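Work through the exercises below with the coordinates open. Try each task before reading its solution.

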Amino acid sequence: MWKILFLCSFFCFFLFACDTDTGTGRDLEIERQYCSEEELAQRKSGTLALENYAEWAFQYPSGSEEGGMINENVTPELKNKYFSLFESPDGKKYMRFSLDASDKGKSPYASSVRSELRHKIEWTLADKTSLEYTFYLTSTDFSTARFTVGQFLQICDTKESPLCRIEVENGQITAKVINYEKDGTTKSDGETHKYSLGTIVQKQEVTIKIAIDNKVMRLYRDGKELASHIFPAKVESGYKNYYKAGIYYQNKDSPKIFSEVFIRNLSVNTENKICRNL
């Protein structure tokens, strides 16, 4: 009998350990829905984990299709159910991006909803610039959820089009790169280039870096260069681009999936220091 009790106890402990941590020291339950107003009142602003917050705007759903996406400048007081602060037991501060894929309120050309920071300093592919951040994530349906956790877009003639998206899908991190021409819809080579940045499990911390220098893009994971891409002549080198980070679902059927991305050490380096007023 004591052997059966021991095995049962060990099995329950193993399940609990797997559900709450991956060896990174974060004892965090996987949330299944937005926090209550009472819990939100106890949280702090995610801005406490964001340097140079005035350079960023926050984009999130209005809650209705008619209301579309809300675009709000980041302030020291910014806090809502989509954006707040999480402090780990070891004292690290993370911006907490929370989002239900079935929420309502997309931007005009979006495939789904987002809880995402938009950097207001714009740059060209001819510049030298980079985006770097450390993140981990949780999701109620990790095998089905598909979302962007970082990207940069070019302001083209007809729309703002993503030249590079860092996507998480079914345990894989992939950089998806498209050589859009100046209209923002035509792919100059007809392809979506996919670069693997390795695997990820829930609550596993990963550092991503996108670096641009004169139309050459290099992609890094945890300090190691894993891929590079040269943007061809038909991709405009003089058009403006900007970075984003957070959650942007790619699940177009708006399933009932709740996910959170936790980001720290978010930084942008660029030679251009002129902010765009959004």
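**Exercise 1. A bridge partner**

Which residue in β14 is the bridge partner of S115?

Solution. The model is predicted. Start with the two strands: β5 covers residues 114–119 and β14 covers residues 241–249. They run antiparallel, and five bridges join them. Within β14, S115 has I247 as its bridge partner.

**Exercise 2. The sheet**

Give the strand order of the open sheet, then find its edge strands.

Solution. Step one: list the order. Eight strands line up as β2-β1-β5-β14-β7-β8-β9-β10. The sheet is open and its pairing is antiparallel. Step two: look for strands that pair on one side only. These edge strands are β2, residues 69–73, and β10, residues 187–199. Step three: take the twist. From one strand to the next, it averages 20°.

**Exercise 3. Aromatic pairs**

Classify the ring pair Y60 and Y82, and say which parts of the chain the pair ties together.

Solution. By the distance rule there are 17 aromatic pairs. For Y60 and Y82, the centres are 5.5 Å apart and the planes make an angle of 35°. That angle is neither under 30 degrees nor over 60, so the pair counts as tilted. Now place the residues. Y60 lies in strand β1 (56–61), while Y82 lies in the loop between β2 and β3 (83–87), so the pair ties together parts 22 residues apart in sequence. Next, check burial against the cut-off of under 20%. Y60 has 11% relative accessibility, so Y60 is buried. Y82 has 5%, so Y82 is buried.

Repeat the ring test for F86 and Y94. Their centres lie 6.4 Å apart and their planes meet at 45°, so this pair is tilted. Both F86 and Y94 are buried.

Finish with the cluster. Y60 and Y82 belong to one aromatic cluster that also includes Y34, F58, F83, F97 and F258.

**Exercise 4. Charges over rings**

Which ring face does R114 lie over, and which does K209 lie over?

Solution. Take R114 to begin with: R114 lies over the face of Y248, 3.9 Å from the ring centre. Then take K209: K209 lies over the face of Y220, at 5.5 Å from the ring centre.

**Exercise 5. Cysteines**

How many disulfides does the model contain, and are C156 and C164 buried or exposed?

Solution. Apply the sulfur cut-off of within 2.5 Å. The count comes to zero disulfides. Then compare accessible areas. C156 has a relative accessible area of 9%, so C156 is buried. C164 has 0%, so C164 is buried.

Notes. Residues are numbered from 1 along each chain as its sequence is written. This is a predicted model: local features need pLDDT of at least 70, side-chain atom pairs count only at pLDDT 80 or more; totals for chains, interfaces and linings use all residues. Side-chain values use heavy atoms; hydrogens and water are left out. Buried means under 20% relative accessible area, exposed over 50%, partly exposed in between (1.4 Å probe, protein chains only). Two strands pair if DSSP finds at least two bridges between them. Helices (H or I, at least four residues) and strands (E, at least two) are DSSP runs, numbered from the N terminus. Axes are lines fitted to C-alpha atoms, for helices over the stretch in contact, and angles run from 0 to 180 degrees between N-to-C directions. Rings of Phe, Tyr and Trp (its six-membered ring) pair if their centres lie within 6.5 Å; planes under 30 degrees apart count as stacked, over 60 as edge-to-face and the rest as tilted. A charge sits over a ring if NZ of Lys or CZ of Arg is within 6 Å of the ring centre and within 35 degrees of the ring normal.
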